[in-house]
Amino acid sequence: MTKFMKSLSLVLALLIAMTLSLTVLAEEESVEASETSTEESVEASADASAEESVEESKEESKEESKEASKEESKTETSANQSSAADDHDHDHDHDHDAAAESSFPWARVITLIVIVVLILIVWILTKTETKLGLKIKKFFKEYWSEIKKVSWSSPKETIKATAVVLAFIVLAALAIGLLDWAFTSIVKGLADIF
């Protein structure tokens, strides 16, 4: 009975983890979608203002040549611009809604489900007494015994090793920078000569 309860609790834990992961993924996608919609609306307003400025410059040149037809063309172009801007905003909103609906990360969800199913299959096989189940069980026992043999560095040793690595990175960056400057100077000098 205790093995059954352990198995059941493990399956429930995996299902809870999968549900939480899906929730987090969905929230990340909704945040990304709202950020892209904000960026797209800013770009659309910039495009609309650029179009308006182009239209205004055209109107100014027409104003110099034909003063009488200026008033008629202004009313027509402003009406066309407002209707075109309304159409553009409507199309943009429709495109954005379609993109937001299709932006759910189905590939990630399917990958997560496949991983969970594979873990469950391996766990079930380790509980059976078949050849494959015994091989998998032996593999994980050997893996765990090797993990126990790993010696981890102390925090002082880790800090010391990190400092050495950072020092070498800085020295290498300085050497590469000096070589780049030297070769650039040589090439510029040769270019001036020839």
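In the predicted model, residues 24 or more positions apart account for 70% of the contacts in the protein with a separation of 6 or more. The secondary structure comprises 5 helices and 0 strands, and the pattern read along the sequence is accordingly written α-α-α-α-α. Of the 194 residues of the protein, 11% count as buried. The accessible surface amounts to about 16,100 Å², and carbon and sulfur atoms contribute 67% of this area.

A nonpolar patch on the surface is formed by Phe 104, Trp 106, Ile 110, Ile 113, Val 114, Val 117, Leu 118 and Ile 121. Together, these residues present about 730 Å² of accessible area. One of the patch residues, Leu 118, is placed in helix α3, which spans residues 106–127. The relative accessible area of Leu 118 is 49%. Because this value lies between the limits of 20% for buried and 50% for exposed residues, Leu 118 is classed as partly exposed. The value also satisfies the requirement of over 30% relative accessible area that applies to members of a patch.

Charged side chains were examined next. A search of the whole structure finds 2 salt bridges. In one of them, Lys 138 is paired with Glu 142, with the closest N and O atoms 4.0 Å apart. Both residues belong to helix α4, which covers residues 131–149. Lys 138 and Glu 142 are 4 residues apart in this helix, a spacing of about one turn. With a relative accessible area of 54%, Lys 138 is exposed, whereas Glu 142, at 43%, is partly exposed. The two partners therefore fall on opposite sides of the 50% limit above which a residue counts as exposed.

A salt bridge also joins the side chains of Glu 146 and Lys 149, with an N to O distance of 3.4 Å. These residues likewise lie in helix α4; because they are 3 residues apart, about one helical turn separates them. Glu 146 counts as partly exposed, at 46% relative accessibility, while Lys 149 reaches 60% and counts as exposed. In the pair Lys 138 and Glu 142, the lysine is exposed and the glutamate partly exposed; in the pair Glu 146 and Lys 149, the glutamate is partly exposed and the lysine exposed.

Methods
Residues numbered from 1 in each chain as written. Predicted model: local features only at pLDDT ≥ 70, side-chain atom pairs only at ≥ 80, totals over all residues. Heavy atoms only, no water. Patch = residues over 30% accessible without salt bridge, like charges linked within 9 Å, V, L, I, M, F, W, Y side chains within 5 Å. Areas by Shrake-Rupley, 256 points an atom, 1.4 Å probe, with all protein chains shown as cover. Helix = DSSP H or I, 4+ residues; strand = E, 2+ residues; numbered from the N terminus. Buried < 20%, exposed > 50% of the residue type's maximum accessible area, 1.4 Å probe, protein only. Contact = heavy atoms within 4.5 Å.
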